[in-house]
Amino acid sequence: MSRPTELEELVEFLHHGNTQIRQIAAENLVPYSKTQPSIFKNGQLTPIKDLKLLVKDYAVCRKGLIDSPTLHPDPDG
């Protein structure tokens with residue numbers, strides 16, 4: 001098994017127990033939601049579920065991700 005990239009590690013922080021850490025991770029991941037949506041599709045789409053919860057609370061995330069294909073994943077992708 002290969003080591004996760006830094007970007008993949010950052011995605012894992014979307015599921016962190018600390019709200020501030022989740023928010024910072026999301027803010028840093030916004031640009032990648034459109035350019036590399038596949039990084040959010042690991043496991044059972046947990047990162048996407050986490051993003052959906054975050055956009056309810058954080059305007060920065062909502063602004064960057066609401067129209068993103070990340071929140072409407074292709075299950076085959």
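In which helix is the place of S33? In this predicted model, S33 falls within helix 3, which spans residues 32-35. The residue is buried, and its relative accessible area is 0%. The side chain of S33 also has a polar partner: one of its polar atoms lies 2.8 Å from the backbone oxygen of V30.

Helix 3 belongs to a protein whose secondary structure consists of five helices and zero strands. Along the sequence the pattern reads α-α-α-α-α. The protein has 77 residues, of which 30% are buried. The accessible surface amounts to about 5300 Å², and carbon and sulfur atoms contribute 52% of this area. Among contacts with a separation of 6 or more, 51% are between residues 24 or more positions apart.

The largest nonpolar core contains 11 residues, namely L7, V11, L14, A25, A26, L29, I39, F40, I48, L51 and L54. Two or more residues of this core come from each of helix 1 (6-12), helix 2 (19-29) and helix 4 (46-57).

Within helix 1, the core residue V11 was examined further. V11 has a relative accessibility of 2% and therefore counts as buried, the cut-off being under 20%. When neighbours within four places in sequence are set aside, V11 is in contact with L29, I39, F40 and P47. Of these partners, L29, I39 and F40 are also listed in the largest nonpolar core. The positions of V11 and A26 were compared as well: the two residues are 15 apart in sequence, and their C-alpha atoms are 8.0 Å apart in space.

Helix 2 has A25, A26 and L29 as its buried residues. These residues lie on the same side of helix 2, because they cover an arc of only 100° around the axis. A25, A26 and L29 are also members of the largest nonpolar core. For A25, the contacts beyond neighbours within four places in sequence are with L10, F13 and L14. L14 is likewise a member of the largest nonpolar core. The N-terminal end of helix 2 is capped by N18, with a side-chain oxygen placed 2.8 Å from the backbone nitrogen of Q20.

Terms used
Residues numbered from 1 in each chain as written. Predicted model: local features only at pLDDT ≥ 70, side-chain atom pairs only at ≥ 80, totals over all residues. Heavy atoms only, no water. Helix = DSSP H or I, 4+ residues; strand = E, 2+ residues; numbered from the N terminus. Buried < 20%, exposed > 50% of the residue type's maximum accessible area, 1.4 Å probe, protein only. Polar contact = N/O pair within 3.5 Å; in protein donor to acceptor, adjacent residues only side chain to side chain. Contact = heavy atoms within 4.5 Å. Areas by Shrake-Rupley, 256 points an atom, 1.4 Å probe, with all protein chains shown as cover. Core = buried A, V, L, I, M, F, W, Y, C linked by side-chain atoms within 4.5 Å. Arc of directions from axis to C-beta.
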